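Trainee: Could you take me through one part of this model in close detail? I would like to see how a single strand sits, and then what lies around it.

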Amino acid sequence: MRDVVVIGGGLSGLSACYELEKRHVPYTVIEVKRRFGGGIRSSFEGGFIMDACAFAFRPIADDALLADLGLKGRMIQISGEACVFAEGTEALICALAYRLRGGRLMRMAVSSVGRLRNRFTICLENGIMLDAGALILALPARYAARMFWNLAPAAAECLAGFRYDSIRRVSLGYHKRDLPLRIDSDLDEIFPFIITTDQAGRVPDQDHRLIQVGLRSSDDMSTDEAIRAVTRHLGWRASPLVARVDYWSEADLQEDYGAAHSDNVRAIHELLPAGLSLIGSDYCRDAPSSDGVARLDERIQAGRRAARDAVEFLKARKR
């Protein structure tokens with residue numbers, strides 16, 4: 001019998017597991033992919049370290065957490081409000097995952113969650129049933145909605161109404177001699193952000209620059225079409241030395257993050273049974289990113305808070 005099951009091994013889910021690990025609470029994390037991190041993934045090509053997600057982010061405020069994870073000093077400021085990890089944003093995921101000793105079920109999808117007497121039940125796609133005293137779902141809204149239809153239908157209906165944007169992150173590596181003196185460009189609804197760095201470690205040397213551009217496009221746009229659209233918009237004739245295009249359909253929620261969104265998220269949480277937490281970027285009160293720069297703090301703290309809530313719930317049930 002498991003004390004806690006965490007469904008979803010992205011940043012929020014791993015932060016929950018990390019808190020449970022520190023508190024010596026038995027847990028199992030279930031991840032549908034073969035790797036942790038969700039959309040956070042870094043790759044090395046031609047001397048450039050590129051990120052599938054936002055490679056720039058607001059500084060993480062929790063110095064103690066960074067020290068515990070061995071990341072203090074590896075977060076480098078590139079502007080007044082933006083930092084990068086020298087080894088890529090996936091360094092944060094790797095540091096969290098390395099410290100986890102709980103059970104792992106990788107490449108495993110969950111069909112539904114429910115209740116049987118005083119335990120949560122988790123039905124896996126292969127028909128196996130697990131149980132847990134407390135449950136943490138770290139999933140995009142559309143997946144959570146599917147799992148909740150039987151357990152919390154009112155919450156599922158709210159979650160099914162979430163809609164997502166189609167923003168591709170186009171990463172380009174250039175020699176500086178092939179770039180104009182000014183890299184900024186007119187931003188609009190189609191090209192919502194552009195972020196650049198020549199930070200050592202992220203590029204081969206100081207003669208090169210890494211650029212990431214946001215592109216709002218149709219779901220069926222190919223990689224080559226996305227690269228051409230960006231370079232044509234920027235007016236750059238030289239071909240990039242390296243290029244990659246990443247798109248995660250649940251990465252960008254269509255939301256204005258005003259009072260209505262906060263009220264909606266609060267209402268969804270109130271519809272969930274005690275002992276179950278729902279966390280992830282879809283449920284942030286502030287936008288998870290702004291102008292292409294990610295905010296990670298709220299997702300990390302939501303995961304750790306969900307773990308503490310699960311521990312308190314389990315303690316109360318034993319009294």
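**A strand and the cores**

Mentor: Happily! In this predicted model, strand β15, residues 276-279, is covered on both faces: L276 and L278 are buried on one side, and S277 and I279 are buried on the other. That split fits a general pattern, because side chains in a regular strand alternate between the two faces of the sheet. For a pairing partner, look to strand β10 (residues 129-138), which runs parallel to β15 over 4 bridges. One residue pair to pick out is I136, whose bridge partner in β15 is S277.

Now to the nonpolar cores. The largest one has 43 residues, and V4 and L92 touch the most other members. At least two residues of this core come from each of β1 (2-7), α1 (11-22), β2 (27-31), α2 (63-68), β6 (83-85), α3 (90-98), β10 and α8 (297-318). Helix α8 gives the most, with 8 residues. Leaving out residues up to four places away in sequence, L92 touches L11, I60, L69, L71, F85, L296 and I300. There is also a second, separate core of 34 residues, with I7, F120, L137 and L159 among them.

L11 deserves a stop of its own. This leucine is found in helix α1 and counts as buried because its relative accessible area is 5%, where the cut-off is under 20%. Beyond its neighbours within four places in sequence, L11 is in contact with I40, L92, I93, L96, L296, R299 and I300. L11 also lies 7.9 Å from G280, C-alpha to C-alpha, although 269 residues separate the two in sequence.

Methods: Residues are numbered from 1 along each chain as its sequence is written. This is a predicted model: local features need pLDDT of at least 70, side-chain atom pairs count only at pLDDT 80 or more; totals for chains, interfaces and linings use all residues. Side-chain values use heavy atoms; hydrogens and water are left out. Buried means under 20% relative accessible area, exposed over 50%, partly exposed in between (1.4 Å probe, protein chains only). Two strands pair if DSSP finds at least two bridges between them. A nonpolar core is a set of buried Ala, Val, Leu, Ile, Met, Phe, Trp, Tyr and Cys residues joined through side-chain atoms within 4.5 Å. Contact means heavy atoms within 4.5 Å.
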